[in-house]
Each structure stands twice: as C-alpha cells, then as structure tokens.
Amino acid sequence: WDIINLSLSLLILCGCIVAIGFFFEWFTTGGDCHIEKFVLSTVVIVPVLYTIASATEKVEHGALFVSAVTTGYIVYVCHGALASDPSEECNSRIDDVRNAEIWQIVLGVFFLC
C-alpha cells in the first residue's frame, strides 16, 4: 500500500505542477497581471510549505497523500478564480470559460466526494 500511496501522491503533485505551469502561461502573459501572479505564487508557496510540514516528524499525523489532495484542490480553486477574470489581457482563455462549465461541475463533484 505504501508504494501505491506514494505513487498516487507523486502523480497528483506532478499534475499540479504541470497545471500551475499552464496557469502561468494562460493567465500572466498580459501586461498588468499582478494579482494573477500573486495568486499563482501563493498557490505555489503554500502547498510546498504544507507538503514539507506533512513530511516531517513535527506533524504527528502528517501524510503525503492528504497534502497532495489538498494541493490538487487548491490548484482547482485557483483555476476557477483565474478563469473567472473578465479581463482579456490577463485571461487568454476567456473564450474557453463558457465551454468549460461541464468539466468544472464534474471535477467539483469529484472533489466533493
């Protein structure tokens, strides 16, 4: 079980890293996107600190899988916040937002379960 737990945790964390890379490309390439850069930087820093804390012995019941799932949820909420920005300068995927409602509902139900 430990191998499956570690593998799944690393898969989720790698997916989050890739998603954050896409977010930097999609939502911060405009000229005046300081809030988006701040949000994405926070989304990078806080889960890293949380993962480090959960991997140490200072946190008695820390677990890497819980940290990975929490990081995935943070990245999901970050995407929802950045995608709802109506500015075309900072949101290069504004046309895709209207078509993304169904997959966001499915993902939201998944995280709810």
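**Which helices do the buried residues of H1 pack against?** They pack against H2 and H3. The exercises below build up to that picture.

This is a predicted model, where local features need pLDDT of at least 70, side-chain atom pairs count only at pLDDT 80 or more, and totals for chains, interfaces and linings use all residues. Residues are numbered from 1 along each chain as its sequence is written, and side-chain values use heavy atoms, with hydrogens and water left out.

**Exercise 1. The whole chain**

Task: Describe the secondary structure and the surface of the chain.

Solution:
- Step 1. Count the elements. Helices (H or I, at least four residues) and strands (E, at least two) are DSSP runs, numbered from the N terminus. The chain has five helices and zero strands. Its pattern along the sequence is α-α-α-α-α.
- Step 2. Look at burial. Buried means under 20% relative accessible area, exposed over 50%, and partly exposed in between (1.4 Å probe, protein chains only). Of the 113 residues, 27% count as buried.
- Step 3. Look at the surface. Areas come from the Shrake-Rupley method with a 1.4 Å probe; for residues, only the protein chains shown count as cover. The accessible surface comes to about 7800 Å², and 69% of that belongs to carbon and sulfur atoms.
- Step 4. Look at contacts, meaning heavy atoms within 4.5 Å. Take the contacts between residues at least 6 apart in sequence: 65% of them join residues at least 24 apart.

**Exercise 2. Helices H1 and H2**

Task: Check the length of each helix, then find its buried residues.

Solution:
- Step 1. Use the rule: the expected span is 1.5 Å times one less than the number of residues.
- Step 2. Apply it to H1. Its 26 residues should span 38 Å, and its end C-alpha atoms are 37 Å apart, which agrees.
- Step 3. List what is buried in H1: Ser 9, Leu 13, Cys 16, Ala 19, Ile 20, Phe 23 and Phe 27.
- Step 4. Turn to H2 (residues 34-55). Its 22 residues should span 32 Å, and the end C-alpha atoms are 32 Å apart, which agrees.
- Step 5. List what is buried in H2: Glu 36, Leu 40, Val 43, Pro 47, Thr 51 and Ser 54. Seen down the axis, these buried residues of H2 fall within an arc of 80 degrees, so they line one face of the helix. The arc is that of the directions from the helix axis to the C-beta atoms.
- Step 6. Name the cover. It includes helix H1 (2-27) and helix H3 (64-83).
- Step 7. Turn to the face of H2 away from its buried side. That face carries the exposed residues His 34, Ile 35, Phe 38, Leu 49 and Ile 52.

**Exercise 3. Aromatic pairs**

Task: Classify two ring pairs in H1.

Solution:
- Step 1. State the rule. Rings of Phe, Tyr and Trp (its six-membered ring) pair if their centres lie within 6.5 Å; planes under 30 degrees apart count as stacked, over 60 as edge-to-face and the rest as tilted.
- Step 2. Count. The whole structure holds five aromatic pairs.
- Step 3. Take Phe 22 and Trp 26. Their centres are 5.3 Å apart, with 20 degrees between the planes, and the pair is stacked. The two are four residues apart in H1, about one helical turn. Phe 22 is partly exposed at 44%. Trp 26 is also partly exposed, at 22%.
- Step 4. Take Phe 23 and Trp 26. This pair is tilted: 6.3 Å centre to centre, 45 degrees between the planes. They are three residues apart in H1, again about one helical turn. Phe 23 is buried, at 5%.
- Step 5. Join the pairs. Ring pairs link Phe 22, Phe 23, Trp 26 and Phe 27 into a cluster.

**Exercise 4. Cysteines**

Task: Find how many disulfides the model has, then place Cys 90.

Solution:
- Step 1. Apply the rule: a disulfide is a pair of cysteine sulfur atoms within 2.5 Å. The count is zero.
- Step 2. Check Cys 14. Its closest cysteine sulfur, in Cys 16, is 9.2 Å away, too far for a bond. Cys 14 is partly exposed at 47%.
- Step 3. Place Cys 90. It lies in the loop between H3 and helix H4 (94-97). Cys 90 is buried, at 6%.
- Step 4. Find its contacts. Leaving aside neighbours within four places in sequence, these include Trp 26, Phe 27, Asp 32 and Cys 33.
- Step 5. Compare sequence and space. Cys 90 and Asp 32 are 58 residues apart in sequence, and 7.4 Å apart in space, C-alpha to C-alpha.
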